[in-house]
Amino acid sequence: MINLNFITVEDIIELCKGKNIKISEIDAEIVLETAKKHWIDFYKGDPTPIMNKLKDQLDTSTYNKLLKVYLEYKNKGIVN
C-alpha cells in the first residue's frame with residue numbers, strides 16, 4: 001500500500017501525465033488533500049459524496065478524466 005504522507009503535488013502531476021491527464025497545480029493539491037483525507041472511502045467505501053464535491057472543485061475536463069481512471073481501476077477490482 002502507498003503511504004500518502006510521502007506523495008507530493010508533483011507526484012500527482014506526474015501520475016496524471018502518465019494517464020494523459022493535464023492537471024493544474026491547484027487541482028493536484030485538491031486531489032492530494034482529498035486522497036489523504038478520504039483514501040479509505042476510495043479504496044473500500046462509497047466515494048460518491050466525495051466525487052461530487054470534487055466535481056465542484058476541479059476543472060471539468062480534469063474531473064471527468066480522473067473519474068474515468070478511477071472507474072477503470074474499480075472495474076478491474078484494484079479498488080472495491
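Okay, one term before we start: when I say buried, I mean a residue with under 20% relative accessible area. Keep that in mind, and keep in mind too that this is a predicted model.

Let me start with threonine 34, which sits in helix H2. Is threonine 34 buried or exposed? Its relative accessibility is 11%, so threonine 34 counts as buried. And what does its side chain reach? The backbone oxygen of isoleucine 30, at 2.8 Å. If you skip residues up to four places away in sequence, threonine 34 touches Trp39, Phe42, Ile50 and Leu54. Hold on to Phe42, Ile50 and Leu54 from that list, as they come back later.

Now over to helix H1, residues 9-18. The buried residues here are Val9, Ile12, Ile13 and Cys16. Why do they end up on the same side of H1? They cover an arc of only 100 degrees around the axis, and that puts them there. Those buried residues pack against helix H2, which is 25-43, and helix H4, which is 60-75. Turn to the face pointing away from the buried side and you find exposed residues: Leu15, Lys17 and Gly18.

Take Ile12 on its own for a second. Leaving out neighbours within four places in sequence, isoleucine 12 is in contact with Ile7, Ile23, Ala28, Val31 and Leu32. Ile12 also shows up in the largest nonpolar core, which has 19 residues. Ile12, Ile23 and Leu66 are the ones with the most contacts inside that core. As for who contributes, H1, H2, helix H3 and H4 each supply at least two residues of this core.

Staying on H1, let's talk charges. How many salt bridges does a search of the whole structure find? One. The partners are glutamate 14 and lysine 17, with the closest N and O atoms 3.3 Å apart. They are three residues apart in helix H1, so about one helical turn separates them. Glutamate 14 is partly exposed, at a relative accessible area of 47%. Lysine 17 counts as exposed, at 51% relative accessibility.

Just after H1 there's a backbone detail to look at. Asparagine 20 takes a positive phi there, about 60 degrees. Here's the background: most residues other than glycine have a negative phi. Asparagine 20 is a residue other than glycine, and its phi is positive all the same. Where is asparagine 20 placed? In the loop between H1 and H2. Asparagine 20 is exposed too, with a relative accessible area of 67%.

Next up is H3, residues 48-57. Its buried residues are Ile50, Met51 and Leu54. They cover an arc of only 95 degrees around the axis, which puts them on the same side of H3. What covers them includes H2 and H4. From the H2 side, we've already met threonine 34 touching Ile50 and Leu54. Flip to the other side of H3, and Pro49, Lys53 and Asp56 are exposed.

Now aromatics. The count comes to one aromatic pair. Which rings are they, and how do they meet? Phenylalanine 42 and tyrosine 70 have ring centres 5.8 Å apart and planes at 80 degrees, so the pair is edge-to-face. Phenylalanine 42 lies in helix H2 and tyrosine 70 in helix H4, so the pair ties together parts that are 28 residues apart in sequence. Both ends are out of the way of solvent in the sense I gave at the start: phenylalanine 42 counts as buried at 16% relative accessibility, and tyrosine 70 counts as buried at 13%. Phenylalanine 42 is also one of the residues threonine 34 touches.

One last stop, the loop between H2 and H3, where lysine 44 lies. Lysine 44 counts as exposed, at 52% relative accessibility. How far is lysine 44 from lysine 74? In sequence, 30 residues; in space, 10.0 Å from C-alpha to C-alpha.

So, to wrap up: the 19-residue core has Ile12, Ile23 and Leu66 as its residues with the most contacts, the aromatic pair links H2 and H4, and the salt bridge joins glutamate 14 and lysine 17. That's my tour, thanks.

Notes. Residues numbered from 1 in each chain as written. Predicted model: local features only at pLDDT ≥ 70, side-chain atom pairs only at ≥ 80, totals over all residues. Heavy atoms only, no water. Buried < 20%, exposed > 50% of the residue type's maximum accessible area, 1.4 Å probe, protein only. Helix = DSSP H or I, 4+ residues; strand = E, 2+ residues; numbered from the N terminus. Arc of directions from axis to C-beta. Contact = heavy atoms within 4.5 Å. Core = buried A, V, L, I, M, F, W, Y, C linked by side-chain atoms within 4.5 Å. Polar contact = N/O pair within 3.5 Å; in protein donor to acceptor, adjacent residues only side chain to side chain. Phe/Tyr/Trp six-rings, centres within 6.5 Å; stacked < 30°, edge-to-face > 60°. Salt bridge = Lys/Arg side-chain N within 4 Å of Asp/Glu carboxyl O.
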